[in-house]
Amino acid sequence: MTTLLGCIADDFTGATDLAGLLARSGVRVSLRIGVPSEPPSETAAFEVIALKCRTAPVAEAVADCRAAFAWLKNAGAQRFFWKYCSTFDSTEEGNIGPVAEALMADLGVQQTIYCPAFPENGRSIFMGNLFVGQQPLAESPMKDHPLTPMKDSNLMRLLAPQVTGTTGLVDRLTVARGAADIGVALARLADDGVAHVVVDAVADADLQEIATACRDMPLLTGGSALAMPLPSLYAQDGKLEVDGAKAEPPLIEPGAIVLSGSCSAMTRAQVASYAKDAPSYRLDPLVLARDGAGAALDWLATQSPDAAPIIYATAKPEDVRAAQAELGTAQAGEVVEAALAKFAIAARDRGTRRFVVAGGETSGAVTQALGVSRLDIGAEIAPGVPWTFCESGGHQIALALKSGNFGTEDFFGTALAKLEN
Ligand code: ADP
């Protein structure tokens, strides 16, 4: 089928989040990990390519996204969605603006919008400022993120150093007046040469109006929630047949593991809650860097997959800072990611078939290690986190890839229970 919307996500959990929300409408969504080396075949109406470029050097991120764009264009896509995190996760050196500008150049368009709002998960934008729950982004736990500490909440200010074009805003007062007024405001900004427009949204109804106004823009950028209304809008426009039929999820053998490399506040609560009842092993980046992952692998070898053990590097901000001071930020992240990737393979080879992974970067490292290249999207566990099904090492496995602050405190247990039904 010709692809209607080609999506590029800057990390793996972002991609599954987006794919899950698009799949809510009943349409078939295909998620590919990395740019496929083969030309498009058997494509779905909604194709999502997951990259691992959130914190990559700008030139590398732009090149990766351009390659993904070219593949999706080849698949027939005429509209594109650049998906990044609902907490923006992009400092002055970030890639959101540069990638958007590169895709705009490839498409020959003069304007795009930026809307990371995800009201269901407490991410809203008002007067260009991003909020996490009731806190401005820069006062939220995101200020301590290991890789992208967010020190400003204003999206225009965050974007300005990343782009060469002018930034602007369509504020909530306009959005509240509906799609037609949003369209007029965007056209006015375009006349003034404003290329990069942040759009306020505090509720799903706002996103519906924004999607309605912008559904035919060749490039949209934002969080997954902005894309959610698109399938039914395309159906209304006669571009897409939405049939409710979804493929039956495959039967996945038991044996589970939870791997957590996320240090986000919600993940810390989730790890604490799950480790109360499950066998658990805490990783120390300093020990990993010094002695390798042998001790943890030995521990894992003594655990029954049926007990669904958890291995985590999840730590408090002060512990993260201490490890980073000793090893350097990148190195601290890399030793943890490499170790968790190793444990995933070891667990699979011991019969584990159900994997819950916490952390965007962490999920990227784990999926890469498991050699997964294409995922089918299954049932949603929490807003933005579906179970996904794929093949690894000749086995059918299930993967739940959760980015930092998603899910409630009981997420790990809930995810595993959901697969039982
Ligand atoms: P999130 O989705 O919460 O942002 P990520 O996996 O994307 O989680 O990012 C967390 C990063 O922090 C990863 O690179 C991970 O390897 C790193 N990390 C995890 N635990 C520690 C720790 N104890 N000290 C330093 N860095 C850590």
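**Close-up views of a predicted model**

**View A. Helices H13 and H14 are roughly perpendicular to each other.** The model shown here and in the other views is predicted. The two axes cross at roughly 110° and come within 7 Å; crossing angles of 65 to 115 degrees count as roughly perpendicular. On the H13 side, the contact is made by Ala 323, Gln 324 and Leu 327. The H14 side supplies Thr 329, Gln 331, Ala 332 and Val 335.

**View B. Pro 317 is part of helix H13, which covers residues 317-327.** This proline has a relative accessibility of 19%. Buried means under 20%, so Pro 317 counts as buried. Leaving out residues up to four places away in sequence, Pro 317 touches Asp 144 and Arg 268. Lys 143 is 174 residues from Pro 317 in sequence, while their C-alpha atoms are 9.9 Å apart in space.

**View C. Helix H12 (residues 294-301) packs with helix H14 (residues 329-349).** Their axes are 11 Å apart, and the packing angle is about 25°. Angles under 35 degrees count as roughly parallel, and H12 and H14 are therefore roughly parallel to each other. The crossing is right-handed. Ala 296, Leu 297 and Leu 300 are the H12 residues at this meeting. From H14 come Lys 342, Phe 343, Ala 346 and Ala 347.

**View D. Helices H6 (residues 179-191) and H7 (residues 204-214) cross at roughly 55°.** Their axes come within 8 Å. At this angle, which falls outside the ranges for roughly parallel, roughly antiparallel and roughly perpendicular, the two helices are therefore oblique to each other. H6 passes H7 in a right-handed crossing. H6 contributes Ala 179, Ile 182, Gly 183 and Leu 186 to the contact. H7 contributes Glu 209, Ile 210, Thr 212, Ala 213 and Cys 214.

**View E. The largest nonpolar core has 139 residues.** Trp 82, Ile 113, Ile 210, Phe 343 and Trp 387 are the residues that touch the most other members. At least three residues of this core come from each of domain 1 (5-236) and domain 2 (256-420). Two residues from other views reappear in this list: Ile 210, which takes part in the contact between H6 and H7, and Phe 343, which is among the H14 residues that meet H12. In soluble globular proteins, nonpolar side chains tend to be buried together.

**View F. The protein chain is assigned two domains, domain 1 (5-236) and domain 2 (256-420).** Taken over C-alpha atoms, the domain centres are separated by 27 Å. In the contact between the domains, 31 residues of domain 1 meet 31 residues of domain 2.

**View G. Phe 46 lies in strand E3, residues 46-50.** With a relative accessibility of 0%, Phe 46 is buried. Residues up to four places away in sequence set aside, Phe 46 touches Leu 5, Leu 22, Val 27, Arg 28, Val 29, Ser 30, Pro 231, Tyr 234 and Leu 240. The C-alpha atom of Thr 166, 120 residues away along the chain, is separated from that of Phe 46 by 31 Å.

**View H. Asp 89 and Met 127 both have a positive phi, with values near 45° for Asp 89 and about 50° for Met 127.** Most residues other than glycine have a negative phi. Asp 89 is in the loop between strand E4 (79-83) and helix H3 (96-107). Its relative accessible area is 5%, and Asp 89 is buried. Met 127 is in the loop between strand E6 (123-126) and strand E7 (129-132). Met 127 has 29% relative accessibility and counts as partly exposed.

**View I. Asn 405 sits in the loop between strand E18 (395-402) and helix H16 (411-420).** Apart from neighbours within four places in sequence, Asn 405 is in contact with Arg 123, Met 142, Ser 264, Ala 265 and Met 266. Between the C-alpha atoms of Asn 405 and Trp 299 the separation is 28 Å, and these residues are 106 residues apart along the chain.

Definitions and conventions: Residues are numbered from 1 along each chain as its sequence is written. This is a predicted model: local features need pLDDT of at least 70, side-chain atom pairs count only at pLDDT 80 or more; totals for chains, interfaces and linings use all residues. Side-chain values use heavy atoms; hydrogens and water are left out. A nonpolar core is a set of buried Ala, Val, Leu, Ile, Met, Phe, Trp, Tyr and Cys residues joined through side-chain atoms within 4.5 Å. Buried means under 20% relative accessible area, exposed over 50%, partly exposed in between (1.4 Å probe, protein chains only). Domain bounds come from an automatic or database domain assignment. Axes are lines fitted to C-alpha atoms, for helices over the stretch in contact, and angles run from 0 to 180 degrees between N-to-C directions. Helices (H or I, at least four residues) and strands (E, at least two) are DSSP runs, numbered from the N terminus. Angles under 35 degrees count as roughly parallel, over 145 as roughly antiparallel, 65 to 115 as roughly perpendicular and the rest as oblique. A crossing is left-handed if the near helix is turned anticlockwise from the far one by less than a right angle, and right-handed if clockwise. Contact means heavy atoms within 4.5 Å.
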